[in-house]
Amino acid sequence: MVSVRTHLWFGNDKAVEAAKFYAEHIPGSSVGDVVTAWTEPGTSVAEVVEFTVAGHDVIGLNAGPEFHLNEAFSFYLRVQGQEEVDHYWDLLTADGGEPGPCGWCKDKFGVSWQVVPVELEELSGDYTSEANQRVCRAMLTMSKIDVAQLQTAYDGE
């Protein structure tokens with residue numbers, strides 16, 4: 001049977017730490033097997049962790065600093081309302097994480113996230129109406145998404 005899992009190379013060797021953090025803080029997340037690959041006794045090649053993030057299967061790899069995570073990959077964290085936006089934004093940008101534009105941020109492990117309230121999706125619609133376009137323009141000025149400002153933009157105020 002064919003399946004797909006996301007594979008992330010943690011050039012900072014924090015795959016296991018990241019997996020445990022997500023399992024602790026994001027519902028539907030857990031840590032599975034953690035194994036160390038060896039070429040010979042005492043010579044570790046890589047540490048591999050299997051985990052889930054909100055039900056999504058992921059493999060994390062610590063295999064040296066050759067490759068680094070970047071914004072080309074992000075988790076799209078769909079949340080409900082401003083309280084959840086604030087909670088996850090604060091969680092993910094804490095302790096060395098970084099805010100970014102338009103609901104994007106990076107956590108302390110270097111993984112990029114989009115913290116997106118369902119209200120943004122609903123108010124953006126298919127981007128064809130003037131109200132939908134106002135919402136998009138408002139979102140483009142934000143770092144952390146502000147649901148009230150989106151609603152104001154939608155209403156044309």
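**Group meeting: cores, helices and a few single residues**

The largest nonpolar core in this chain has 26 residues, and those with the most contacts inside it are Tyr22, Val53, Trp113 and Val115. Before I go on, a reminder that this is a predicted model.

Which elements build that core? Two or more residues come from each of helix H1 (15-25), strand S3 (43-53), strand S5 (74-79), H2 and strand S8 (112-117). H1 gives the most, with six residues. As background, nonpolar side chains in soluble globular proteins tend to be buried together.

Take Trp113 as a way into the core. Leaving out residues up to four places away in sequence, Trp113 touches Tyr22, Ile26, Val53, Ser74, Phe75, Leu77, Leu92, Gly103, Trp104, Cys105 and Asp107. Apart from the largest core lies another one, of eleven residues, among them Val116, Val135, Met139 and Ile145.

Now the chain as a whole. It holds five helices and eight strands. In sequence order the pattern reads β-α-β-β-β-β-α-β-β-β-α-α-α. Along the principal axes, the C-alpha atoms fill a box of roughly 65 × 35 × 25 Å. There are 157 residues in the chain, and 41% of them count as buried. If you take the contacts between residues at least 6 apart in sequence, 55% join residues at least 24 apart.

Next, helix H2, residues 81-93. H2 has 13 residues and reaches 18 Å from its first C-alpha to its last, close to the 18 Å expected at 1.5 Å a residue. Which residues of H2 are buried? They are Gly81, Val85, Tyr88, Trp89, Leu91, Leu92 and Thr93. Leu92 is also one of the residues that Trp113 touches. After H2 comes Asp95, whose phi is positive, near 55 degrees.

Two further residues have a positive phi without being glycine. One is Asp13, with phi near 60 degrees. Asp13 sits in the loop between strand S1 (6-9) and H1. Its relative accessible area is 45%, so Asp13 is partly exposed. The other is Tyr127, with phi near 65 degrees, placed in the loop between helix H3 (118-124) and H4. Tyr127 counts as partly exposed because its relative accessibility is 43%.

On to the helix pair H4 and H5. At what angle do H4 and H5 pack? The angle between H4 (residues 130-139) and H5 (residues 147-155) is about 145 degrees, and their axes are 7 Å apart. The crossing of H4 past H5 is right-handed. On the H4 side, the residues that meet H5 are Ala131, Asn132, Arg134, Val135, Ala138 and Met139. On the H5 side they are Leu150, Ala153, Tyr154 and Asp155. Sorted by class, this contact has seven nonpolar, one polar and two charged residues. Val135 and Met139, both in this contact, are also among the residues of the eleven-residue core.

The segment after H5 contains Gly156. Is Gly156 buried or partly exposed? Partly exposed, because its relative accessibility is 46%. From Gly156 to Arg134 there are 22 residues in sequence and 7.5 Å in space, C-alpha to C-alpha. Arg134 is one of the H4 residues that meet H5.

Arg134 comes up again with Trp104. Those two are 30 residues apart in sequence and 19 Å apart in space, C-alpha to C-alpha. Trp104 belongs to strand S7 (residues 104-106). With a relative accessibility of 27%, Trp104 counts as partly exposed. What does Trp104 contact, once neighbours within four places in sequence are left aside? Its partners are Glu71, Ser74, Trp89, Pro99, Trp113 and Gln114. Of these, Trp89 is one of the buried residues of H2, and Trp113 is one of those with the most contacts inside the largest core.

The last residue is Thr52, in strand S3. Why is Thr52 classed as buried? Because its relative accessible area is 15%, and buried means under 20%. Beyond residues up to four places away in sequence, Thr52 touches Gly28, Ser29, Ser30 and Asp57. Strand S3 is also among the elements that give two or more residues to the largest core.

That is where I will stop.

Terms used:
Residues numbered from 1 in each chain as written. Predicted model: local features only at pLDDT ≥ 70, side-chain atom pairs only at ≥ 80, totals over all residues. Heavy atoms only, no water. Axes fitted to C-alpha atoms, helices over the stretch in contact; angles between N-to-C directions. Helix = DSSP H or I, 4+ residues; strand = E, 2+ residues; numbered from the N terminus. Left-handed = near helix turned anticlockwise from the far one by under 90°. Contact = heavy atoms within 4.5 Å. Nonpolar A, V, L, I, M, F, W, Y, C, P; charged D, E, K, R; others polar. Expected span 1.5 Å × (residues − 1). Buried < 20%, exposed > 50% of the residue type's maximum accessible area, 1.4 Å probe, protein only. Core = buried A, V, L, I, M, F, W, Y, C linked by side-chain atoms within 4.5 Å.
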